[in-house]
Amino acid sequence: QVQLVESGGGSVQPGGSLRLSCAASGSSFTFYSMGWYRQVPGKQRELVAQVTDTSATTYSDSVKGRFTISRDNAKNTVFLQMNSLKPEDTAVYYCNGIRLGLPAAQSYWGQGTQVTVSS
């Protein structure tokens, strides 16, 4: 059974940095895409950043220039370096992995890790 396990969340002051990690276990394949989403109570989960297996990246406008996503294909691991954190970055961050296939792609999710930015 494929599992995605996040680590690295926590509390930090505005302007600080955190690094999230997500490791996949139980998979014999390389995810096409791995990424990070976040969610606050009462709002929809939103994409933060994603990276494909060829290292093409996508970022939400709100984190461009502050967050950097990277991955290690050999270890099926994805990282999110978060710098210049703002209070509005506070959320539960979820790791996501997408496996292409037929009849449809499969999406896998981690359990989430809390990031709190507060003075």
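Begin by selecting Ser-84, which has a relative accessible area of 40% and therefore counts as partly exposed (that is, between buried, under 20%, and exposed, over 50%, with a 1.4 Å probe and protein chains only). Ser-84 sits in the loop between strand 8 and strand 9, where strands are DSSP runs of E with at least two residues, numbered from the N terminus. Its phi is positive, near 50°, in a residue that is not glycine.

Before moving on, note that this is a predicted model, in which local features need pLDDT of at least 70 and side-chain atom pairs count only at pLDDT 80 or more, while totals for chains, interfaces and linings use all residues. Residues are numbered from 1 along each chain as its sequence is written, and side-chain values rest on heavy atoms, with hydrogens and water left out.

**Stop one: an open sheet**

Next, colour strands 1, 3, 8 and 7, which form an open sheet in the order 1-3-8-7 with antiparallel pairing; two strands pair if DSSP finds at least two bridges between them. The edges of this sheet are strand 1 (3-7) and strand 7, each of which pairs on one side only.

Stay with strand 7 and its partner strand 8, which run antiparallel to each other over six bridges. If you select Phe-67, you will find that its bridge partner in strand 8 is Met-82, and if you then move to Ile-69, the residue standing opposite in strand 8 is Leu-80. Which side chains of strand 7 point to the buried face? Phe-67, Ile-69 and Arg-71 point to one face and are buried, whereas Thr-68, Ser-70 and Asp-72 point to the other face and are not.

**Stop two: the turn at Asn-76**

Follow strand 7 into the hairpin that it forms with strand 8, where four residues lie between the two strands. Select Asn-76 in the loop between these strands; although Asn-76 is not a glycine, it has a positive phi of about 50°. Is Asn-76 buried or exposed? Its relative accessibility is 6%, so Asn-76 counts as buried.

Now show what surrounds Asn-76. Leaving aside neighbours within four places in sequence, Asn-76 is in contact (heavy atoms within 4.5 Å) with residues including Cys-22, Ala-23, Ala-24, Ser-27, Phe-29 and Arg-71. One of these can be picked out by distance, since the side chain of Asn-76 reaches the backbone oxygen of Phe-29 at 2.7 Å. You can also draw a line between the C-alpha atoms of Asn-76 and Gly-26, which are separated by 10 Å although the two residues are 50 residues apart along the chain.

**Stop three: the disulfide**

Select Cys-22 and Cys-95, which form a disulfide (a pair of cysteine sulfur atoms within 2.5 Å) with their sulfur atoms 2.0 Å apart. Cys-22 belongs to strand 3 and Cys-95 to strand 9, so the pair ties together parts that are 73 residues apart in sequence. The torsion about the S-S bond is about -80°, which means that the disulfide is left-handed. Both cysteines are buried, and the structure holds one disulfide.

**Stop four: the nonpolar core**

Then display the largest nonpolar core, which has 27 residues; such a core is a set of buried Ala, Val, Leu, Ile, Met, Phe, Trp, Tyr and Cys residues joined through side-chain atoms within 4.5 Å. Trp-36, Leu-80, Met-82 and Tyr-93 touch the most other members of this core. Among the elements that give two or more residues to it are strand 4 (33-39), strand 5 (46-52), strand 8 (77-82) and strand 9 (91-99), while strand 3 gives the most, with four residues.

**Stop five: strand 9 and the loop after it**

Finally, select Asn-96 in strand 9. Asn-96 has a relative accessible area of 3% and is therefore buried, and its side chain reaches the backbone oxygen of Tyr-108 at 3.1 Å. Beyond its neighbours within four places in sequence, Asn-96 is in contact with residues including Leu-4, Met-34, Tyr-37, Ser-107 and Trp-109.

End in the loop between strand 9 and strand 10 (106-109), where Pro-103 is found. What is the geometry of the peptide bond from Leu-102 to Pro-103? That bond is cis, with omega near 5°.

Notes. A polar contact is a pair of N or O atoms within 3.5 Å; within protein, one must be able to donate a hydrogen and the other to accept it, and residues adjacent in sequence count only if both atoms are side-chain atoms.
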